[in-house]
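Reader: Hi, I'm new to reading structures. Can we go through this one together?
Author: Sure. Ask away.

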Amino acid sequence: MTAFAPDSLILNRKLPLWYQVSQSLRASILGRRPHDPLRLPTEEQLATHYGVSVLTMRQALKELEEEGLISRHRRRGTFIEPGARRGAPRRLLGSVDTIVAQQSGEPTTVLGHGPAPVPGELAEYFPGLDQVVTYRRLRYDSESGEPVNWAENAVRPEVAAGLDAADLERWPMTKVLRDLMGIRISRITDTVEARLADPATAELLRVPLLSPILHCTGVTYDEGGRVVDVARIRYRGDRFAFSVTVDTDLTGMDPAR
């Protein structure tokens, strides 16, 4: 493709195809480099790229247009909005590409990385290991420059051996593991809870000590069921919303429920 080239996508037939395509394309848009083209390939080219119908592709593009990430012009084509940025909370339907899209588009600084003893609270995820490699990252709002969350990833040493920390300033850890390193991710479990900011979190996020934050623990498993990464992310309570939409087919449901 001569225009903006989106990432590849492995489709999950259990989820709506248009949704998966929109989330994959969304992550590519938010992770684009400044010099990347703004013009998207045609609907037909994108449909071929993703292996879906033009109708499915059109529905995916409509989702991105409604979010304000792209604009569509008759006879001229479809273009990425120059100021496209991460907007309102997105619908989560269980796709790894959704997680990548949620994390993309935020300026990120790697604060440091290196081997460390397995934290006691993570010992259950790394049985038999004494050490992991930790990566500490701080993410900022792209407009205000304010810190919005900071993440600490614990990664298996053999996985970290092939990981370039510089990639984490451009891409989320999930994308680096899957797309750059070729790890086949089978599932990710997320647990979100309210906590109070400890001294390190308060300093990094520029919030008062003991102010409310959202603490997310994300556990990433490979296709063999092995944990490859545990992310602990602290979100500023005033800059983050967690939204989940459950779409169900009501046909045949018990009316008493």
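Reader: Which residue just after α6 takes a positive phi?
Author: Gly 182 does, with a phi of about 75 degrees. Keep in mind that this is a predicted model.

Reader: And α6 itself, is it buried or exposed?
Author: Helix α6 covers residues 173-180, and 6 of its 8 residues are buried. So α6 is largely enclosed by the rest of the structure.

Reader: Which residues of α6 are buried?
Author: Met 173, Thr 174, Lys 175, Val 176, Leu 177 and Arg 178.

Reader: Let's take Leu 177. What is its relative accessible area?
Author: Leu 177 has a relative accessible area of 0%. Buried means under 20%, so Leu 177 counts as buried.

Reader: What does Leu 177 touch?
Author: Leaving out residues up to four places away in sequence, Leu 177 touches Val 159, Leu 163, Gly 182, Ile 183, Val 228 and Asp 229. Gly 182 is the residue with the positive phi just after α6.

Reader: How many residues apart along the chain are Leu 177 and Thr 220?
Author: They are 43 residues apart, and their C-alpha atoms are separated by 9.7 Å.

Reader: New topic: the sheet. In what order do the strands of the open sheet come?
Author: The order is β3-β4-β5-β8-β7-β6. That makes 6 strands, and the pairing is antiparallel.

Reader: Which strands stand at the edges?
Author: β3 (108-117) and β6 (185-196) do. Each has a single partner strand, so one side of each is left without a neighbour in the sheet.

Reader: What does the twist average?
Author: The twist averages 15 degrees from one strand to the next.

Reader: What about β5, buried or exposed?
Author: β5 spans residues 147-155, and 9 of the 9 are buried. So β5 is largely enclosed by the rest of the structure.

Reader: How many bridges join β4 to β5?
Author: 8 bridges join them, and the two strands run antiparallel. One pair is Val 133 with Val 155, its bridge partner in β5.

Reader: What do β4 and β5 form?
Author: A hairpin, with 6 residues between the strands. Gly 145 in that turn has a positive phi of about 80 degrees.

Reader: And over how many bridges do β5 and β8 pair?
Author: They pair over 7 bridges, in the antiparallel sense. Here Asn 153 has Ala 231 in β8 as its bridge partner.

Reader: Back to β6. How many bridges does it have with β7?
Author: β6 and β7 pair over 11 bridges, again antiparallel. Thr 191 has Thr 217 in β7 as its bridge partner.

Reader: Now β1 and β2. How many residues lie between them?
Author: 3 residues lie between β1 and β2, which form a hairpin. Arg 75 in the turn has a positive phi of about 75 degrees. The two strands are joined by 4 bridges and run antiparallel. His 73 stands opposite Gly 77 in β2.

Reader: Last one: helices. At what angle do α1 and α3 pack?
Author: At about 50 degrees, with their axes 8 Å apart. That makes α1 oblique to α3. The crossing is right-handed.

Reader: Which residues make the contact?
Author: From α1, they include Leu 17, Trp 18 and Val 21. From α3, they include Met 57, Ala 60 and Leu 64. By class, the contact of α1 with α3 has 9 nonpolar, 3 polar and 3 charged residues.

Note on methods: Residues numbered from 1 in each chain as written. Predicted model: local features only at pLDDT ≥ 70, side-chain atom pairs only at ≥ 80, totals over all residues. Heavy atoms only, no water. Buried < 20%, exposed > 50% of the residue type's maximum accessible area, 1.4 Å probe, protein only. Pairing = 2+ DSSP bridges. Axes fitted to C-alpha atoms, helices over the stretch in contact; angles between N-to-C directions. Parallel < 35°, antiparallel > 145°, perpendicular 65-115°, else oblique. Left-handed = near helix turned anticlockwise from the far one by under 90°. Contact = heavy atoms within 4.5 Å. Nonpolar A, V, L, I, M, F, W, Y, C, P; charged D, E, K, R; others polar.
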